[in-house]
Structure formats: structure tokens, C-alpha cells
Amino acid sequence: MYGNLSELLALAVQRGSALWPVVLDNEIRLSGLSEEEIFSELERHYQVMTASATKALERPMPTALGLISGITAPQYRYSQQSGGLCGQTLNRAMAFALSCSEVNASMGKICAAPTAGACGILPAVLMTLEQSLQLDRHQVLCGLLTASGVGAVIMKNATVAGAEGGCQAECGVAAAMAAAAAVEMAGGSPSQALDAVSFALMNSMGLVCDPVAGLVQVPCAQRNASQTANALLSADLALAGMKSPIPADQTVDAMYRVGRQLPSELRETAMGGIAVTEAGREFARRLRDEQD
């Protein structure tokens, strides 16, 4: 039904709907599942998301080298007690994202959205808006549909792999997916949702993938938190009426070109960035010693 984001938008405008019904119709056609069955699958995935986003809020998860073990609980307490400089809502959202990363690093069950390394961003945004906007479950799952439609198009026309496009293709794309969902969950238009996609990708353009010791922990967890903030602020920019001068499809193309221009050292090889700092190299040595 659609091959890019502009075609997705055109179909939504043509039928006078949000993006998610167009994505739903496409999924019905491709999968052969009924609407009820698709929403049942969405519910199943969202339950995995919420479980991973809350599991580490109060107790640490064991992780290799302990790099991010226990980082979530203090962040969550901080959000509850003081609200922080960014306010309680954003700090709580970051805690949700960190929890998913901590669970992932402890080999727990997560929902890759679009990847395991970026698994915390979409759940954090969906759960935060569910609570702050007092949405019902169907509205949340419609947001998840919007996000999945955006992510599928980006996968088709670009990449979501850090090894191919850097962290911009993982956490950046997750932020774009979440930003589109956030706009529609807040009552924004389909065109605003795609403006938010553009903003989120612009804000993460060139983000490298440099995992310390080759582990999906640092800086992956911290980027899940920062890109959760990116998704929410990108949605707010669009909802406030800011239009992206660069169409979403062109921003996706630019992200893909930038990713291919990144040297291999900055694409998930742990051979560049913070992975090769003195501290990063020491963690790599410690990991090798533990594995010997």
C-alpha cells in the first residue's frame, strides 16, 4: 500500500485518518491476520515492554562487568523524590528506558524496537504518555502501530542496524518511531507525526555506535535515556506547529548516507569512540580475563 513515509501520509490524508489505521490495513493485507488478532499481538508485545521497563526500577539486574547494573533504581527514585531539573515526567521516562536496557544487558526478556540496543525508547515514551495523558490501552496500542509502521518503512528504505548505520540507525530510529507515536497519541495530525520523525532523526544524525568492551551497555543505556528525551521533545516541536523543512523520507535517506560514511571503527566494532578510551580499553581487558 505504501513504500515510503510520504505515501503513508498521503493515504492517511486521503482517508482523513491518523497514520495507524493505514498501517493496520497494510498489516492485515500482508499478514492475513484479522484486526483483532493484530491488536492481540500488539498487546502481547506491549506487555513485554512494560515488564522490562519496570523490572529494574527498584532492584538491580546483574550485567557483565556490572557496567549498568543498578543504574535504573536511583534514576527512578530521583524522579519520584525531586522531579529533577527536567521534571518528574521526563526523569521517570528515562528510568523506564534505563530499566529496559538493564534488563536486556542481564539477558532478560525485552522487545526489540527496532533493536535490542534501542529497546527502551519506545516503551518509555508509550508508558509515559499512557500515564501522563491518561490514555486507555487501545490508544496506546494505536500509538504502537504508528511507531511500527514508521519503523518498517525505515527498515525497508534505510537501516536500523548499528553495524551498518551507527547508533543513529538504532536509538535514532527508535526515537523517530516513538516521536511519531507520541504525536498521534497526543492528538496531533499525521503530517505533524512525520515532522516529528524528521526532527528526531536530525537530532541524532551522525550518532556513532561505540559500545564499551563490545557490550550493549555503555553508552547504549544512556543513549536510550537521551533518545527518549529526543522523541518527546521532537513530538513537542511538531505539536507546537514547527514544520520540518526537510521531508521525512529525505531525512531517512540522509541518515542512511551518513551511516554508510561512518568509518567501521564507529559502527558497533568497539574500535572507536569511547570504547577506545583508557577506561574503555580497561573494561575490555577485564572482560577478556573473565572469559579466559
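**Exercise 1. Find the helix that holds Asn-224 in this predicted model, and work out whether the residue is buried or exposed.**

Step 1. Start with the place in the chain: Asn-224 sits in helix H11, which covers residues 220-239.

Step 2. Now look at the accessible area. Asn-224 has a relative accessible area of 0%. Buried means under 20%, so Asn-224 counts as buried.

Step 3. Check who surrounds it. Leaving out residues up to four places away in sequence, Asn-224 touches Ala-97, Ser-101, Gly-117, Ala-118, Cys-119, Gly-120, Ile-121 and Cys-171.

Step 4. Pick Gly-120 from that list and zoom in. A polar atom of the Asn-224 side chain lies 2.8 Å from the backbone nitrogen of Gly-120.

**Exercise 2. Find out which residues touch the most other members of the largest nonpolar core, and which helix gives the most to it.**

Step 1. The largest nonpolar core has 97 residues, and Leu-5, Leu-122, Leu-126 and Val-197 touch the most other members.

Step 2. Next, the helix: H9, residues 171-185, gives the most to this core, with 13 residues.

Step 3. Take Leu-122 as your example. Not counting residues up to four places away in sequence, Leu-122 touches Met-49, Ala-113, Leu-144, Ala-147, Met-177 and Ala-178.

**Exercise 3. Describe the largest pocket: how much space lies in it, and what lines it?**

Step 1. The space in the largest pocket comes to about 630 Å³.

Step 2. Go to the lining. There are 27 lining residues, and Glu-27, Leu-42, Ser-148, Gly-149 and Ala-152 lie nearest the centre of the pocket.

Step 3. Trace the lining back to helices. H2 (19-31), H3 (35-55) and H7 (137-157) each supply at least two lining residues, and H7 gives the most, with nine.

Step 4. Sort the lining by class: you get 18 nonpolar, five polar and four charged residues.

**Exercise 4. Do the same for the second largest pocket: what is its volume, and which helix gives the most to its lining?**

Step 1. The second largest pocket has a volume of about 190 Å³.

Step 2. Hunt for helices giving two or more residues to its lining: they are H5 (88-105), H6 (121-132) and H11. H11 gives the most, with six residues.

Step 3. Put some names to the lining. Among them are Thr-89, Leu-90, Thr-128, Leu-129, Ala-229, Leu-232 and Asp-236.

Step 4. Finish with the classes: this lining divides into nine nonpolar, two polar and one charged.

Definitions and conventions:
Residues numbered from 1 in each chain as written. Predicted model: local features only at pLDDT ≥ 70, side-chain atom pairs only at ≥ 80, totals over all residues. Heavy atoms only, no water. Core = buried A, V, L, I, M, F, W, Y, C linked by side-chain atoms within 4.5 Å. Buried < 20%, exposed > 50% of the residue type's maximum accessible area, 1.4 Å probe, protein only. Helix = DSSP H or I, 4+ residues; strand = E, 2+ residues; numbered from the N terminus. Contact = heavy atoms within 4.5 Å. Polar contact = N/O pair within 3.5 Å; in protein donor to acceptor, adjacent residues only side chain to side chain. 1 Å grid on protein atoms, 1.4 Å probe; cavity = no way out; pocket = protein on both sides within 12 Å on 5 of 7 lines; lining within 4 Å. Points joined across faces, edges and corners; volume = space filled by probe spheres on them. Nonpolar A, V, L, I, M, F, W, Y, C, P; charged D, E, K, R; others polar.
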